[in-house]
Amino acid sequence: MAKASSKKPRDAPPLDPMPARVDPCLATLVDKPPKGSDWAYEVKWDGYRIAVHIEPGRVRILTRGGYDWTERFATIVDDARRLAVKTAMIDGEAVVLDDKGRSDFGMLQRALGRLPSAVEAGAIVFYAFDLLYLEGRDLRRLPLRERRRLLAPLVAGREGAVRLSEEVQADGDEFFRVACEHGLEGIIAKHVEKPYRSGRGEWWQKITCKRRDSFIIVGFEPSTVPGHLGRLLLAACKGDDLVYVGGCGTGWSHELSRELRNLLEGISTKMPAVDLKRRGAAFVEPLLVAEIEYRAWTEDGKLRHASFKGIRERADGMAIFDIC
C-alpha cells in the first residue's frame with residue numbers, strides 16, 4: 001500500500017486587504033504630448049472623477065475627494081454589479097455624452113439634478129481607465145500596461161453604463177490635433193511602465209484644447225489682499241445686449257493685479273452693465289476688453305477654466321465674442 005505523502009500543501013499567498021479609499025493619480029498639465037513608445041494616449045473626459053468599489057454584497061462609488069456618491073450614480077452601480085468579478089477597485093470618469101459623442105460637463109450636472117434638466121440620470125456613463133485592485137490583489141505596484149491588461153477583459157466591448165476608455169496607439173501630436181478638431185477637451189498621456197501613484201506627477205500628463213476670445217470687463221471682485229484684484233467679471237454680446245458669462249481669477253502677476261485694480265477703480269459705476277447681483281462685487285463702465293483663454297462653455301453659458309491673457313480698450317475696434 002502506498003504511503004501517504006509527508007509534504008505539507010503550500011499555503012496560498014496572503015490576500016492584500018482592499019483599501020477603503022485611494023487618493024487618485026492626477027495628471028500634470030503640459031503644453032504638448034510627450035513622445036516615445038512608453039506613452040499611451042486617451043481622450044480627456046470632461047466629467048467627475050470617481051472610483052467604483054466592487055465588494056462582496058455591495059458596490060460603492062467614491063469621488064476624487066472621498067465622498068460617497070453611490071446613490072447619485074445608480075445606473076453605474078447597477079451595471080457594475082454585472083461585471084464578472086467579486087472584488088475590484090476601478091478608476092475612471094463619470095460623463096454624459098452629447099449627440100456627437102463628446103463628454104459634456106453641463107449635461108452631467110443636469111443629469112445629477114443640480115440644474116433644471118431634460119437629461120436623465122440614466123444617461124451617465126462611467127469610462128474606466130485603470131484597475132487598482134482585483135480579486136484580493138493590490139495592483140498599484142504593477143506598471144500601467146499590466147493594470148490595463150487586467151482591466152480590459154472586465155469592461156471592454158460593453159455598451160452599458162460601464163465602459164472602457166480606449167487607449168490610442170498613435171503619434172501624440174496628431175492625436176491631439178484631431179481631438180481638438182472634434183471639439184474634445186483634450187487628451188491624456190500615460191507612461192505605460194509606471195505604477196499607480198496617488199497625487200500629481202509627470203507619469204500622467206494632460207494636454208488641453210484651449211480657446212481664446214475677447215470679453216468685456218463689467219466688474220471685479222476684490223482680493224483678500226488689500227488693493228489687489230480677486231476676480232474679473234466678464235460679459236459677451238448677445239444681439240445689442242451684454243450678457244454675463246462668468247469670471248476669471250487667474251493669469252496675472254502680483255504687480256499686474258494691483259495695476260488692474262487701480263485701472264478698474266478709475267471707471268467704477270453703481271449701475272452694472274449686465275443683469276448681475278453679486279455680493280461684494282464692484283461694477284465698472286464697459287470700456288475695457290480682456291483677452292481670455294478658456295477650455296469650454298458650461299451648459300448655462302459660463303466660461304470654464306478661464307485665464308487672463310491681456311487687456312485693451314473697447315474703443316480700439318477689437319471684436320467682442322458673440323455668444324449667440
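**Figure 1. The largest cavity of this predicted model holds about 110 Å³ of space.** A search of the whole structure finds 1 cavity of 30 Å³ or more, and this view looks into it. Its lining is made of 14 residues, and those nearest the centre are Val22, Pro24, Ile50, Ala51 and Thr63. Three strands, β3 (48-55), β4 (58-63) and β5 (88-95), each bring at least two residues to this lining. Among the contributors, β3 gives the most, with 4 residues. Sorted by class, the lining has 8 nonpolar, 2 polar and 4 charged residues.

**Figure 2. The largest pocket offers about 660 Å³ of space.** In this close-up, 28 residues line the pocket, and Lys44, Arg49, Arg64, Glu93 and Lys206 are the closest to its centre. The strands β1 (25-29), β2 (39-43), β3, β9 (186-191) and β10 each supply at least two residues of the lining. Here β1 gives the most, with 4 residues. Charged residues account for 13 of the lining, nonpolar ones for 12 and polar ones for 3.

**Figure 3. The second largest pocket has about 310 Å³ of space.** To find your way around this view, start with Ser103, Asp104, Arg211, Ala296 and Trp297, which lie nearest the pocket centre among its 17 lining residues. Helix α2 and strand β17 (296-297) each supply at least two residues of this lining. By class, there are 9 charged, 4 polar and 4 nonpolar residues here.

**Figure 4. The largest nonpolar core brings together 36 residues.** The members that touch the most others are Val52, Ile54, Phe73, Ile76, Ile90, Ile124 and Leu131. Both strands and helices take part: β3, β4, α1 (74-80), β5, α2 (105-111), β6 (125-134), α3 (144-155) and β8 (162-164) each supply at least two residues of this core. Elsewhere there is a second, separate core of 21 residues, which includes Ala236, Ala290, Ile292 and Leu303.

**Figure 5. Ile124 and its neighbours are shown here, with Val96 among them.** Leaving aside residues up to four places away in sequence, Ile124 touches Arg72, Phe73, Thr75, Ile76, Ala94, Val95, Val96, Leu108, Ala111, Leu112 and Ala161. One partner to pick out is Val96, found in the loop between β5 and α2. In sequence, Val96 and Ile124 are 28 residues apart, yet their C-alpha atoms are 4.9 Å apart in space. Is Val96 buried or exposed? Val96 has a relative accessible area of 1%, so this residue counts as buried.

**Figure 6. A disulfide joins Cys180 to Cys209.** It is the 1 disulfide that a search of the whole structure finds, and its sulfur atoms are 2.0 Å apart. Follow the chain from either end of the link and you will see that it connects distant parts: Cys180 sits in helix α4 (residues 172-181), while Cys209 belongs to the loop between β10 (199-208) and β11 (211-222), 29 residues apart. The link of Cys180 and Cys209 is left-handed, with -90° about the S-S bond. The two ends fall into separate accessibility classes: Cys180 is partly exposed because its relative accessibility is 28%, whereas Cys209, at 7%, is buried.

**Figure 7. Two further cysteines, Cys25 and Cys237, are both buried.** For Cys25 the relative accessibility is 0%, so this cysteine counts as buried. Cys237 has a relative accessible area of 17%, and because buried means under 20%, Cys237 counts as buried as well.

**Figure 8. Glu135 has a positive phi although it is not a glycine.** The angle is about 45°. Look for Glu135 in the loop between β6 and β7 (137-138). With a relative accessibility of 37%, Glu135 counts as partly exposed.

**Figure 9. His305 is another residue other than glycine with a positive phi.** In this case phi is near 55°. The loop that holds His305 runs between β18 (303-304) and β19 (307-313). Like the previous view, this one shows a residue that is partly exposed, here with His305 at 44% relative accessibility.

Definitions and conventions
Residues numbered from 1 in each chain as written. Predicted model: local features only at pLDDT ≥ 70, side-chain atom pairs only at ≥ 80, totals over all residues. Heavy atoms only, no water. Disulfide = S-S within 2.5 Å. Buried < 20%, exposed > 50% of the residue type's maximum accessible area, 1.4 Å probe, protein only. 1 Å grid on protein atoms, 1.4 Å probe; cavity = no way out; pocket = protein on both sides within 12 Å on 5 of 7 lines; lining within 4 Å. Points joined across faces, edges and corners; volume = space filled by probe spheres on them. Nonpolar A, V, L, I, M, F, W, Y, C, P; charged D, E, K, R; others polar. Core = buried A, V, L, I, M, F, W, Y, C linked by side-chain atoms within 4.5 Å. Contact = heavy atoms within 4.5 Å.
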